[in-house]
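Colleague: Thanks for sitting down with me. Could you take me through the terms as we look at the model?

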Amino acid sequence: IERAAVLRKRFDIHIAGQNVPAPLESFEELISRYGCDSYLVGNLSKLGFHEPTPIQRQAIPILLSGRECFACAPTGSGKTLAFLLPLLMKIKPGSKGGVKAVILCPTRELAAQTVRECKKLAKGRKYYIKLMTKDLSKSGNFKDMHCDILVSTPLRLDHAVKKRDLDLNSVEYLVLDESDKLFELGFVEVIDSVVEACSNPSIIRSLFSATLPDSIEALARTIMHDAIRIIVGRKNS
Ligand code: ADP
Ligand code: MG
């Protein structure tokens, strides 16, 4: 507990919640403490990621422990990897039982970029990582689709669920990236509808954003259970 507090202070990590797992000291600890397959840490190092950023240090152990979180850290501080890494550690590649993770992004550009990052990180393993394109959402045959990780904007995903019978009951992880923007853009009802479609009771939800206005935290708390709040630096900088 001492050590955890020292690390948090050193990296300006502020937490709120019960029994928060200790921050990571290094990426190697993913192997020693969490049984991470070494290909993943190898990919990190090939990508030039040698030390976890503060948000990665705290968010990764939280998600790996099966806890939900709201994570607020500045733009450019590595939030993408903070949610992708736990997904790739927890989800087996090429699974048959439907979509295992959904990542919601406010824009198509961000969704496409997230898919690219995820593929780089997963290199060497046969994951099905899919971007919800306009075509896919309008005419996809989701019954036959192989997909482990699905990245989408809210409206496209909602359309696929409602009009194309995309089944999200098998989703184990739901990530709302840039959640401040998702809510600002007026997607509250669409997000609600997606959250409802992801009906697996043991789903783990997480929110990542650069700001965490009280209104959004309050809204988010209505859909989360026992979530931990992580703030790196100052709350809304
Ligand atoms: P955010 O979502 O917080 O704005 P990103 O996830 O887009 O930030 O990351 C910003 C940049 O930092 C990206 O170019 C990413 O590849 C890089 N990055 C992420 N994690 C690390 C790390 N641990 N070490 C070095 N660079 C990193
Ligand atoms: Mg980001």
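Modeller: Gladly! A polar contact is a pair of N or O atoms within 3.5 Å; within protein, one must be able to donate a hydrogen and the other to accept it, and residues adjacent in sequence count only if both atoms are side-chain atoms. This is a predicted model, where local features need pLDDT of at least 70 and side-chain atom pairs count only at pLDDT 80 or more, while totals for chains, interfaces and linings use all residues. Residues are numbered from 1 along each chain as its sequence is written, and side-chain values use heavy atoms, without hydrogens and water.

Colleague: What makes Gly76 a polar contact of ligand 1?

Modeller: A backbone N or O atom of Gly76 is 2.6 Å from an oxygen atom of ligand 1, so the pair is within 3.5 Å and counts. The side chain of Lys79 also has an N or O atom 2.9 Å from a ligand 1 oxygen.

Colleague: Which residues come nearest to ligand 1?

Modeller: Of the 14 residues around ligand 1 (a heavy atom within 4 Å), Glu51, Gln56, Gly76, Lys79 and Thr80 come nearest.

Colleague: Why is the link between Glu25 and Arg3 called a salt bridge?

Modeller: The term asks for a side-chain nitrogen of Lys or Arg within 4 Å of a carboxyl oxygen of Asp or Glu. Glu25 and Arg3 meet at 2.8 Å, N to O, so they qualify. In general, side chains of opposite charge can pair when their charged atoms come close.

Colleague: How many salt bridges are there by this rule?

Modeller: The count comes to nine salt bridges.

Notes: Chains lettered and ligands numbered in written order.
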